[in-house]
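Student: I have a structure to go through with you. Can we take it one question at a time?

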Amino acid sequence: MGERFAAGYLRKIGYKILEKNYKTDLGEIDLIAEDRGELVFVEVKTRTPDPYLSGSYAVDRKKQYHIMRSAVTYMQRCPGLQPRFDIIELELDRSSGRLTDINHIKNAFWQNEDYARF
């Protein structure tokens with residue numbers, strides 16, 4: 001459900017959704033979108049309200065590694081677009097299942113290892 005909300009939000013602000021749940025042997029990318037010449041790889045984290053822990057904390061170095069490795073395979077399809085790695089945190093009301101907050105973190109992480117040289 002969170003990925004559906006996130007895709008709708010991105011469309012609303014002008015992004016073109018290219019893929020949902022893109023899977024490789026190396027991992028999965030929740031959403032891939034295009035935004036003004038950038039190829040945006042989006043990790044979606046859906047949580048109920050928690051004042052102590054946001055969803056972005058779950059995107060640790062290991063998760064980032066898998067996202068970036070998967071992104072390399074997708075980027076071969078889109079020469080000329082610059083990569084960007086975003087996180088979208090969604091907060092849902094536990095009882096109603098309604099979306100209560102969206103936090104879009106652009107450039108949440110970036111490659112700095114040889115495996116993901118762009």
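Student: Why does glutamate 89 count as buried?

Tutor: Buried means under 20% relative accessible area, exposed over 50%, and partly exposed in between, with a 1.4 Å probe and protein chains only. Glutamate 89 counts as buried because its relative accessibility is 11%. This is a predicted model, where local features need pLDDT of at least 70, side-chain atom pairs count only at pLDDT 80 or more, and totals for chains, interfaces and linings use all residues. Residues are numbered from 1 along each chain as its sequence is written, and side-chain values use heavy atoms, with hydrogens and water left out.

Student: Which side chain does glutamate 89 join in a polar contact?

Tutor: Glutamate 89 is found in strand E4, residues 82-92. A polar contact is a pair of N or O atoms within 3.5 Å; within protein, one must be able to donate a hydrogen and the other to accept it, and residues adjacent in sequence count only if both atoms are side-chain atoms. At 2.6 Å, the partner side chain is that of asparagine 103.

Student: In what pattern do helices and strands follow along the sequence?

Tutor: Helices (H or I, at least four residues) and strands (E, at least two) are DSSP runs, numbered from the N terminus. The protein has two helices and five strands. Read along the sequence, the pattern is α-β-β-β-α-β-β.

Student: Why are the buried residues of H1 on the same side?

Tutor: In H1, residues 2-12, the buried ones are Gly2, Ala6, Ala7 and Leu10. They lie on the same side of H1 because they cover an arc, taken from the directions from the helix axis to the C-beta atoms, of only 130° around the axis.

Student: Which residues are exposed on the other side of H1?

Tutor: The buried residues of H1 have cover that includes strands E1, E2, E3, E4 and E5. On the other side of H1, the exposed residues are Arg4 and Lys12.

Student: Which element gives the largest share of the largest nonpolar core?

Tutor: A nonpolar core is a set of buried Ala, Val, Leu, Ile, Met, Phe, Trp, Tyr and Cys residues joined through side-chain atoms within 4.5 Å. The largest has 15 residues, and Ile29, Phe41 and Tyr74 are among those that touch the most other members. E2, E3, H2 and E4 each give two or more residues to this core. The largest share, five residues, comes from H2.

Note on methods:
Contact = heavy atoms within 4.5 Å.
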